[in-house]
Amino acid sequence: MRALRRAEIAGLLASDIVAHLATIDAAGYPHVTPIWFLWDQQAFRLTSWAGRPHLRRILANPRVGLVIDREVVGSRDGGQRPNRQVRVIGDAELTIDADGVWTQRIWEKYGSGPVLGEVERARMLITITPDRFVAIASV
């Protein structure tokens, strides 16, 4: 394992890789949700339809984890699949995505063209300011 260089971190966070958001249910079990994200140099921004189960879990317990990782396909070193990953823990804050501003920005990163009616439905903004930020590579 080695720490990622700044350029590697920036490239990973700017890519269109789907993140995995971990939330905790009332019984203490983790739930992992694949979700699009945007990093704004201070916090991770994610949006989701109001009323989704992961939002209810965040309301009950704002402690979350977020993982963004990429394997290098077809490249093996010592039997491993080299990968790069960013792992974050922190508290999530929920607010309304007013006028769909963050939804549009995230869509522009992952999709193409306008959101096409997606913002007419209520969307919530999930803001995660990292308490711990780990960026490592397997080789």
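## The overall layout

What pattern does the protein follow when read along the sequence? It goes β-α-β-β-β-β-α-β-β-α-β. That comes to three helices and eight strands. Keep in mind as you look around that this is a predicted model.

The protein has 139 residues, and 40% of them are buried. Take the contacts with a separation of 6 or more: 73% of those link residues 24 or more positions apart. On the outside, the accessible surface is about 8200 Å², with 52% of that area belonging to carbon and sulfur atoms.

## The nonpolar core

In soluble globular proteins, nonpolar side chains tend to be buried together. Here, the largest nonpolar core has 31 residues. The members that touch the most others are Phe37, Phe44, Leu66, Ile68, Ile126 and Ile128. Strand S8, spanning residues 123-137, supplies the largest share of this core with six residues.

Phe37 is a good one to click on. Leaving out residues up to four places away in sequence, Phe37 touches Leu13, Ile17, Ala19, Phe44, Arg45, Leu46, Ile68, Ile106, Lys109 and Tyr110.

## Helix H3 and its buried face

Some of those partners bring us to helix H3, which covers residues 101-110. Its buried residues are Trp102, Thr103, Ile106, Lys109 and Tyr110. Looking down the axis of H3, you'd see these buried residues fall within an arc of 120°, so they line one face of the helix.

What do the buried residues of H3 pack against? Their partners are helix H1 (6-14), strand S4 (38-39), strand S5 (44-49) and S8. S8 is also the strand with the largest share of the core.

How values were computed: Residues numbered from 1 in each chain as written. Predicted model: local features only at pLDDT ≥ 70, side-chain atom pairs only at ≥ 80, totals over all residues. Heavy atoms only, no water. Core = buried A, V, L, I, M, F, W, Y, C linked by side-chain atoms within 4.5 Å. Buried < 20%, exposed > 50% of the residue type's maximum accessible area, 1.4 Å probe, protein only. Helix = DSSP H or I, 4+ residues; strand = E, 2+ residues; numbered from the N terminus. Contact = heavy atoms within 4.5 Å. Areas by Shrake-Rupley, 256 points an atom, 1.4 Å probe, with all protein chains shown as cover. Arc of directions from axis to C-beta.
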